[in-house]
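Here's a walk through a protein chain, for someone who likes to know what the cut-offs were. Keep the viewer open and follow along.

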Amino acid sequence: MGIQEEIRALKEEINKHSYNYYVLDNPTIEDLEYDKLFYRLQDLEKEHPELITPDSPTQRVGGISEKFEQVVHKNRLYSLDNSNGDIELKEWYERVAKEGFNWQKGDVLPDIELSCELKIDGLAVSLTYEKGVFVQGLTRGDGVVGEDITNNLKTIKAIPLKLFEPVDIEVRGEVYMPISSFDKLNKTAIESGQKTFANPRNAAAGTIRQLDPKITASRELSIWVYGAVANNYDWGNISHSHTMNYLKHLGFKTNEVKVVKGVKEAYEFCERAKELRHSLNYATDGAVIKVDDIKLQQELGFTARVPKWATAFKFPPEEVWTKLLDIELSTGRTGAVTPVAILKPVLLAGSTVARASLYNFDEIERLNISIGDDVLVKKAAEIIPKVLQSKKTEDSINIQIKKICPSCGSELVEIEGEVNLYCPNNTSCLSQIKGRLEYFVSKYCMDIDGFGESIIAQLVDKNMVYDYSDLYTLTYDDFLKLDLIKEKSAQNLMEALENSKNCTLSKFLNAIGIRYVGREAADILAQNFNNIDELKNASIDELNAVEGVGEKMAQSIYKFFKNENNINAINKVFELGVNPKNNYQINENQILKGKSFVITGTLEHYSRDKAQEILKSFGAKTPSSVSKKTDYVIAGANPGSKLEKAQNFGVRILTEEEFIKLITN
């Protein structure tokens, strides 16, 4: 056998064994034998690099990316409408029956064939194959534009690099982290003193966007595929369930698809799935119900955002009882001290929960909480654990929580009009310093890539930084003194700092930590003041006159710019090259100045951030909530309660088309 033939045979055999192990979960060879095959292929390819092909198993880990390129999807990825309970599921089914079968109220509902499968709580991706070879993988993004994460997706061994048939096809799937892998990842993080992930979905999303594919490969992601788009293929005479069988035949990992007749059987599937999910090795937050007939799917079509022929049946948020082991205090960047419930670890909504916020000391009194109580815990918005109620046990012990800062030992103080207690030591409390720095480097502030909680903690603990201006004095050699930082990482951190110097005024104002000034208020200030000097010299009356800046905020801004330490820090970063540019002076015609717009639902052509940025460039305000002072509400697909509130207030409602017409004219 020649070298070329041996390489081809090795690739086929390794791919077959990978399919059996990672897709069928049915290994047919010992790990040692698999490794021998892999290393033999690796050695042959090193000797003959001209014979390396993209579909080779050795090519699953590529080089480090500088960034992820944005790519327009050839076929748009849509979202799904939600059905929360049997009533909403029936309403969706009736809409399908009405549009697809001319059903009318009072008639007997037709028994439409529906395909049912579990909804995976992961990250949607699109996989493109040409002649059966994997050539590109994209994140969902906004459905129209995604990020190219091909190299990272190649590390997922459940994704075939070469299909069993040489077809051109685009496959849709959900990348997820198995719960066993999630637990192992968090255990490793705890042992090394690093930050843990909140749940498997966050872990999967963070892993798939690592610039170094080797990190992605080490975290054991997997995928379930749930659909496909193929050119020159007659989809009109087949079903979704047939498509899934075909994808399985091609070598993909597919979840079980159950075909049922009618909405009653679909609901029964959802109820069974609700119980089944607790025994699975992956997180699922519901079931997906689709019209099985693809021809009927095509007739029903889409809204601006979702297919009419599918819905996501969402499971209700879980609530579980567990034991309260302790109450700890946590000091944030503003000095606010938050009580945190330390719980006996319990599985909740797909992840292990051991901590929950108690918000403030008044909440402890309201819940009448004692150490040793049984407490009912729920995940607010499926993310943040929250204690709902407590009940006494024979182990309950009433304790008096000392109202001192857990970081620096200062006695906590009350601020008039505030429910929180505060640490007054804002100059040397390490928790406050770390919190302010973490906020400064975060996405909606200076967006300095790579500066996570661990890096900031080391910089502060080693007395290398005190405030945000010190970050810009750090050198390449300084970063090499940090744990786990090598040459490449040090260079990346230096470049991230340098890139952040050309920031927008609104991001800089958000970053520097003016009390009561967050992202929205920073935008308002940038719309009304051309630069830092104008804001620094503004009187309280001038600040108060800005719509959206209340008396409390005006006082805070004025005091901030009269504080010598704050001015010194700002002047220092300017001397070190930070140069904020006002991003809201780009349209001379401020035709929307003073007008207030609230966006609800999902827009088809713009992300919410982009739409708000455009409105602000014309002088508009974009608060997050609807009030009587709101001038317009822009309603996208699947709007929430803001739309109903706006209608009650008599606020004018704009469609996305009307919004586009407004900004283009």
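Let's settle on terms before touring the sheets: two strands pair if DSSP finds at least two bridges between them, and the helices (H or I, at least four residues) and strands (E, at least two) are DSSP runs, numbered from the N terminus. What you're looking at is a predicted model, in which local features need pLDDT of at least 70 and side-chain atom pairs count only at pLDDT 80 or more, while totals for chains, interfaces and linings use all residues. Residues are numbered from 1 along each chain as its sequence is written, and side-chain values use heavy atoms, with hydrogens and water left out.

Start with strand β20 (residues 632-635). On one side, strand β19 (residues 597-600) pairs with β20 in the parallel sense, over four bridges. Threonine 600 has alanine 635 in β20 as its bridge partner. To get from β19 to β20 the chain passes through helix α23 (residues 608-617), and this β-α-β crossover is left-handed. As for the convention, a crossover is right-handed if, with the strands pointing away from the viewer, the path from the first strand over the helix to the second runs clockwise. Strand β21 (residues 652-655) also runs parallel to β20, joined by four bridges, and here alanine 635 stands opposite threonine 655. The route from β20 to β21 goes through helix α24 (residues 641-649), and that β-α-β crossover is right-handed.

Now take a look at α23 itself. Its residues Ala611, Gln612, Ile614, Leu615, Lys616 and Ser617 are buried, where buried means under 20% relative accessible area, exposed means over 50%, and partly exposed is in between (1.4 Å probe, protein chains only). What covers them? Among the elements doing so are α18 (519-528), β19, β20 and α25 (656-664). Just after α23, glycine 619 takes a positive phi of about 95 degrees.

Two residues that are not glycines have positive phi as well. Glutamate 220, at about 55 degrees, sits in the loop between α7 and β8 (222-230) and is partly exposed at 37% relative accessibility. Tyrosine 359 has a phi near 70 degrees; you'll find tyrosine 359 in the loop between β14 (351-357) and α11 (361-367), partly exposed at 35% relative accessibility.

Helix α7 (residues 213-218) is worth a stop, since it contains threonine 216. Threonine 216 is buried, with a relative accessible area of 1%. What do its polar atoms do in there? The side chains of threonine 216 and asparagine 152 make a polar contact of 3.4 Å, and a polar atom of the threonine 216 side chain lies 2.9 Å from the backbone oxygen of threonine 207. (A polar contact is a pair of N or O atoms within 3.5 Å; within protein, one must be able to donate a hydrogen and the other to accept it, and residues adjacent in sequence count only if both atoms are side-chain atoms.) Leaving out residues up to four places away in sequence, threonine 216 touches Asn152, Thr155, Thr207, Ile208, Gln210 and Leu221, with contact meaning heavy atoms within 4.5 Å.

There's also an open sheet of five strands, in the order β2-β11-β10-β3-β9, with mixed pairing. At its edges stand β2 (82-83) and β9 (258-261), each with a single partner strand, so one side of each has no neighbour in the sheet. Inside that order, strand β3 (residues 113-120) and strand β10 (residues 284-291) pair in the antiparallel sense over seven bridges, with isoleucine 120 opposite threonine 284.

How many disulfides does the structure hold? Zero, taking a disulfide as a pair of cysteine sulfur atoms within 2.5 Å. For cysteine 116, the closest cysteine sulfur is in cysteine 270, 6.3 Å away and so too far for a bond; cysteine 116 is buried, at 0% relative accessibility. Cysteine 408 is in no disulfide either, and the nearest cysteine sulfur, that of cysteine 423, is 3.5 Å away. At 29% relative accessibility, cysteine 408 is partly exposed.

Finish with the nonpolar cores, meaning sets of buried Ala, Val, Leu, Ile, Met, Phe, Trp, Tyr and Cys residues joined through side-chain atoms within 4.5 Å. The largest has 56 residues, of which Phe451, Leu471 and Ile557 touch the most other members. Apart from it lies another core, of 31 residues, among them Phe134, Ala158, Ile159 and Tyr246.
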